[in-house]
Amino acid sequence: MSTQQRTPVADLSSLRIHDRARKPTGRGKRLGWLAGGLLFILVGGAAAYRFKDPKTVVEVTTARSAANSPAQALLNASGYVTPRRRSSVAAKITGKVIEVDTDEGMHVKEGQIIARLDCSESDAALASAKADRIATEASIHDLEVNLANADRELKRTQQLTDAGVSTPQALDAARTLADSYRARISLTKEQVGAADRKIDVAQENVNNCTIRAPFTGQVVSKDAQVGEMVSPISAGGGFTRTGIATIVDMQSNEIEVDVNESYIARVKERQKVTATLDAYPNWQIPSHVRTIIPTADRQKATVKVRVTFDKLDPRILPDMGVKVAFLGEEQPRSAPGGGAAAPKAVIPSSAVHQQDPGKASVFLVHDGKVERRAVTLGSQRGEDVEVLAGVSEGDTLVAKAPENLRDGQIVEVKQ
């Protein structure tokens, strides 16, 4: 009897998804809506921040009085502050420095000692010259004694000759001896005078060991130290100094500029100039042309012009860079009702916006907001322009407004 084997059948009913599991529950819906709301808020906030109008940072300037503003600049040039009196003080002799009494920035007076050199050799030479003079002068007394004796012998010989006792030859010998002593005394006196001159030379060499300030000024460079050798000429293969210190007369500071020879006709003596130091760009210094050097540089095609400050200031230092504006003559201003309108203020040309030809405007700053205002312009004054109407002295303006600046926009003033 055969046994029949049955194949096992898989039960798939355990994989069935019930209808209750197919439908979402209320908790799932709430979490979905909450996530969607948060995402919408984040996207909205990012978009609002992206398109928010931020504060524009602007640089401001102040409208200046037209009466106190300089005249129109005819020419601009650059140069340097140069003192008329600058001295690199050096020794007249070669010697070793044993004392330096100066330092950078120190004020010195004319004749003040600034350094000393080793003058032991000069002192010895002076002592020797004085000793020679003493010895020479002492020999004069001996010669005078011999001369007195020779004169007595001459007198006795003269008497004996007159009496016929002595010969004329003896008389001539006595007279010659007396004249010889007189000549030797005269020579010795001249030698004493020569010894005095040698003493003067030796004394001058001693004096040259002391270096003094040639004029009242300020030390700007200390060029030698104690122990170094100095000489009026370069020697020793570059190891010998040729200067002790550099002194500048700060009261002689002026400006030296090179003006292109094509524009030199615009410059005249006593012409008013406005100088601006590179170190102090907001400080305009009144000046005037002192002289025009009567020669040109053929290589640079320029002419040197020296400009003097109307009033010196301690902030003006030698070799500072400076920009100068040569001003034209001031035009007479018309009084109100006298024809042409007088300018009310002067503002930088960069603050003016030309929308259309003949239509100019500026941006005034009030309480953190800008206000566009139409203005009537006058003549140009170098980098500035006159305002006949629309702006008053003291108004705060945007110096250089961005292209997208609008009327009423909130701005932040650049500090």
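**Close-up 1. The side chain of S252 meets the backbone of R85.** In this predicted model, the side chain of S252 comes to 3.2 Å from the backbone nitrogen of R85. To find S252, look in the loop that links β11 (245-248) to β12 (253-260). With a relative accessible area of 4%, S252 is buried. Leaving aside residues up to four places away in sequence, S252 touches T82, P83, R84 and R85. R85 thus appears both in that contact list and as the owner of the backbone nitrogen that the serine side chain reaches.

**Close-up 2. E256 in strand β12 holds polar contacts with K304 and R306.** Moving along to strand β12, we come to E256. The side chains of E256 and R306 are joined by a polar contact of 2.9 Å. Another polar contact, of 3.3 Å, joins the E256 side chain to that of K304. What else does E256 touch, not counting residues up to four places away in sequence? Its contacts also include V305, along with G79, Y80 and T82. You may recognise T82 from the previous view, where it touches S252.

**Close-up 3. C119 and C209 stay unbonded.** Here is a pair of cysteines worth a look if you are counting disulfides: the structure holds zero of them. A disulfide is a covalent bond between the sulfur atoms of two cysteines. Why is C209 not bonded to C119? The closest cysteine sulfur to that of C209 is in C119, 4.1 Å away, so the two are too far apart for a bond; the cut-off for a disulfide is 2.5 Å. Seen from the other side, C119 is in no disulfide, and its nearest cysteine sulfur is that of C209. Is C209 buried or exposed? At 2% relative accessibility, C209 counts as buried.

**Close-up 4. Four strands form an open sheet with antiparallel pairing.** Reading across the sheet, the order is β8-β7-β5-β10. The edges belong to β8 (210-212) and β10 (229-230), each of which pairs on one side only. Elsewhere in the sheet, β5 (residues 95-100) and β7 (residues 113-117) run antiparallel to each other and pair over three bridges. To get your bearings in this pair, start from V97, which stands opposite L117 in β7.

How values were computed
Residues numbered from 1 in each chain as written. Predicted model: local features only at pLDDT ≥ 70, side-chain atom pairs only at ≥ 80, totals over all residues. Heavy atoms only, no water. Pairing = 2+ DSSP bridges. Helix = DSSP H or I, 4+ residues; strand = E, 2+ residues; numbered from the N terminus. Buried < 20%, exposed > 50% of the residue type's maximum accessible area, 1.4 Å probe, protein only. Polar contact = N/O pair within 3.5 Å; in protein donor to acceptor, adjacent residues only side chain to side chain. Contact = heavy atoms within 4.5 Å.
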